[in-house]
Structures are given as structure tokens and as C-alpha cells.
Amino acid sequence: MISKVGVIGAGSMGTAVAQSISRRVGEVIVFGRRQEIVDSINTDNCNKRYFPGLRLNPNIHARLMGDRQGLADCEAVIIAVPSSEVRFIVNATHDELTGKFLVTVAKGLEYPSLKTMSEIIRDETGNPDIACFSGPTFADEVAYGHIAGATIGAGGDPSLRATISNLFGEFILDFSDDIRAVELCGVLKNVYAIGTGMWDSVYGNHNEHYTFLNMCYKEMCIFLRAISRDKGIFTKFCCFGDFNLTANVDKSRNRTLGLMVGKKIVKTPYLESGVTFEGSRSVKGIIELAENHSIDMPIARFVYDVLSGNNNVRESVDGVIRKAP
Ligand SMILES: NC(=O)C1=CN([C@@H]2O[C@H](COP(=O)(O)OP(=O)(O)OC[C@H]3O[C@@H](n4cnc5c(N)ncnc54)[C@H](O)[C@@H]3O)[C@@H](O)[C@H]2O)C=CC1
Ligand SMILES: O=C(CO)COP(=O)(O)O
């Protein structure tokens, strides 16, 4: 039984996961880079920046990222920062992370390496015990204890799967031993959430929405059929569940980005907004990864073209539906 778990990232998902896991372990230490967040967690049992109304469990404490001993004392560490930060952080904390159970909840693809988060973590630490957690899990709903399903992607090691399952025992879990395929589901669904937001910024009817949604899911499944060893991945939480949650619900940052770009409310500098828009960072990589498998992804290309400012949604949205699989 693990007694002390570290969570790197004091943002929405890091805080939410800390709250869930804290009901199952002795202590959770959240590592953040802002003193005011660390203080608010330690002084008021509350992450005032992300969940001002949520009372965190008393066995959740916070430390600044530089507290190496604090991290070294943890038996398992969950990495809950934006994908663009994962390599930097894991490289910087290599000594403290080596030899531990590590779980990534980040949904992104490194460019131009086209590596997933678990592959980056393995690069930097050499750890064999790495798992990913991915599913329809809006952080605020997780933080407030609502039911959520998720897929644990982990290699075949039964002890790793048992350990991670216990940590995430508040969730309804399914499993895959193809960790890369699980992670790529999380990358793809963000891209199609942006695309569906773009589509819905032009077409507002139910038939139009679900016609496009189906085309997105078909394109996603063609890709997964080519790369996934897990032939049951299509019905797992990381795939069908998270794809639908993020493409259909305005709470999704990726879907909202698509809507805002489609309605010309934001232009490219949105990346500097500080909001974690994972799909915009990974769309180029997913297109290249597909090309490496001789797979065409017209909808992903549509998303990339519009985000790149090459054309606008109205000009290209009809074209994409003719090219979609
Ligand atoms: N928010 C959600 O509903 C869900 C998010 N995720 C994934 O979790 C990952 C994290 O996203 P969110 O928590 O939503 O983002 P967020 O923007 O809410 O929080 C990110 C946190 O990471 C911190 N951070 C960034 N760089 C850092 C560094 N170098 N050192 C220490 N801390 C650093 C930021 O200060 C911020 O507090 C993403 O890959 C996202 O796709 C997964 C499932 C649900
Ligand atoms: O991954 C998520 C829910 O599972 C969060 O989605 P967004 O990043 O689009 O908000």
C-alpha cells in the first residue's frame, strides 16, 4: 500500500487528482511553481486559483517544485502538467523520479520527436514502471467527487496495474497494455474537439453536428486500427468516452478554442493566453504520425490549416466533409 504520493502540477487536473487519491493514501503532496498556490493549499486547504470553493482533504499538502527531498520521499508520482512541460520537468527531477511508480495524466504529443508522455518519461528516467491515466475526466467534476471512468494504460506488469488501480480506485477503470495507444487517444480526441468546435461555429443543427462527429470518430478509428495493439481500444474510456466528452461539451477548452477560432473571436496568439489548449500543440504531430503510417487525416489537416491561419473555417469546412473518410 502506497502511503505518500506526489502530484507534479498544482493546476486543475493536478488538484483534482490529488483530491481523489487523498481518500486512498496517507498523504498527497502537490508540487507547484507558484508560492501563492502552495500557501493557499497549506494554509486554507484550498487551491484558490483553480478551485476557490473546494475544501481539499486535510492530508493534501503542497510544496514548491524545487523541494527535491519532498519529491524523493514520495513512493509514486503523478505528472499533471501541460504536455509541453513534461520533458523539462522530468529531466529536472530525474534523480527523484527514478525507481518510482510514475503516472502521466497529460494528453499531448512531443514535436518533432512524436513521442508520447510515457515515452518522454521513460527517455528521461529509464523507469520501467510508468502508466498513463486517460478518460472522460473534466477536472472540476473529478475534484468534486463525481463519477468518472478512465483507462489505465500500463505494460503487462500485474503489480504496476494493481498499484495504479488502487491509487485511482475512486474511478471506474478499464485497462490497456498498449500505453501508447491509450495516450494517442487522448491526443486525437483533443484535435477532434477543436475540429467539432470549428464545425459547430458554422453549422448549428443536430444532424450537422453528429454527422461531423461521426466522421471525426471514423478518422480517429482508422488511425487507431493502424497503430493500436489493443483491438478493444475503441470502446474504452480513453477513446469513445473522452472523444465524446470533449467534442460535445462546451466546458472543453479544446472545443471552446475551435468555437472561438471559427467565430473569429480569437486569433493565433491564443497560445500565449496561458490556457492549456493541448490539441493545438499536438495536431501537427498527429498528422505527421499518421503520414508515417500512410494514413491521411483530412479532418486533422483541416484543424491544422485553420489554426495555422492558412484559411478560415467557412472556406474549408465544406471541403473537409467531402474528403473525410
Ligand atoms: N483539466 C482537465 O479537465 C483535464 C486535464 N488533463 C490533462 O492534464 C494536463 C494538465 O492540464 P491542466 O491541469 O488542465 O492544466 P492547467 O492549466 O489547469 O494547470 C497546469 C498547471 O501546471 C503548472 N505548470 C506548468 N509548467 C510547470 C512547470 N514547469 N513546473 C511546475 N508546474 C508547472 C501550471 O502552473 C499550472 O498550475 C494536460 O495535459 C491536460 O490535457 C487530463 C484530463 C482532464
Ligand atoms: O481531457 C479533458 C477531459 O477528459 C479536458 O479537456 P480539455 O483540455 O479540452 O478541457
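1. A good place to start is Ser134, which is buried, with a relative accessible area of 4%. Please keep in mind as you read that this is a predicted model. Ser134 is found in strand 6, which covers residues 130–134.

2. Which residues does Ser134 touch? Leaving aside residues up to four places away in sequence, its contacts are Lys107, Ala150, Thr151, Val182, Gly186, Phe237, Cys238 and Asp242. Two names from that list, Lys107 and Asp242, are worth remembering, as Lys107 and Asp242 are also among the residues around ligand 2.

3. Now to ligand 2 itself. The residues around it include Gly135, Pro136, Thr137 and Phe138, along with Lys189, Leu245, Thr246 and Ser252. By class, this shell has three nonpolar, five polar and four charged residues.

4. Polar atoms come next. Oxygen atoms of ligand 2 lie 2.9 Å from a polar side-chain atom of Lys107 and 2.8 Å from a polar side-chain atom of Asn254. With Arg253 the backbone takes part: one of its N or O atoms lies 2.9 Å from an oxygen atom of the ligand. Ligand 2 taken alone exposes 310 Å², and the protein buries 92% of that.

5. Which elements give two or more residues to the shell around ligand 2? They are helix 11 (237–248) and helix 12 (253–262). Helix 11 gives the most, with three residues.

6. Finally, where does ligand 2 sit relative to the domains? Ligand 2 lies between domain 1 (4–177) and domain 2 (181–323), because both give residues to the shell around it.

Methods
Residues numbered from 1 in each chain as written. Chains lettered and ligands numbered in written order. Predicted model: local features only at pLDDT ≥ 70, side-chain atom pairs only at ≥ 80, totals over all residues. Heavy atoms only, no water. Near = heavy atom within 4 Å. Polar contact = N/O pair within 3.5 Å; in protein donor to acceptor, adjacent residues only side chain to side chain. Areas by Shrake-Rupley, 256 points an atom, 1.4 Å probe, with all protein chains shown as cover. Helix = DSSP H or I, 4+ residues; strand = E, 2+ residues; numbered from the N terminus. Nonpolar A, V, L, I, M, F, W, Y, C, P; charged D, E, K, R; others polar. Domains from an automatic or database assignment. Buried < 20%, exposed > 50% of the residue type's maximum accessible area, 1.4 Å probe, protein only. Contact = heavy atoms within 4.5 Å.
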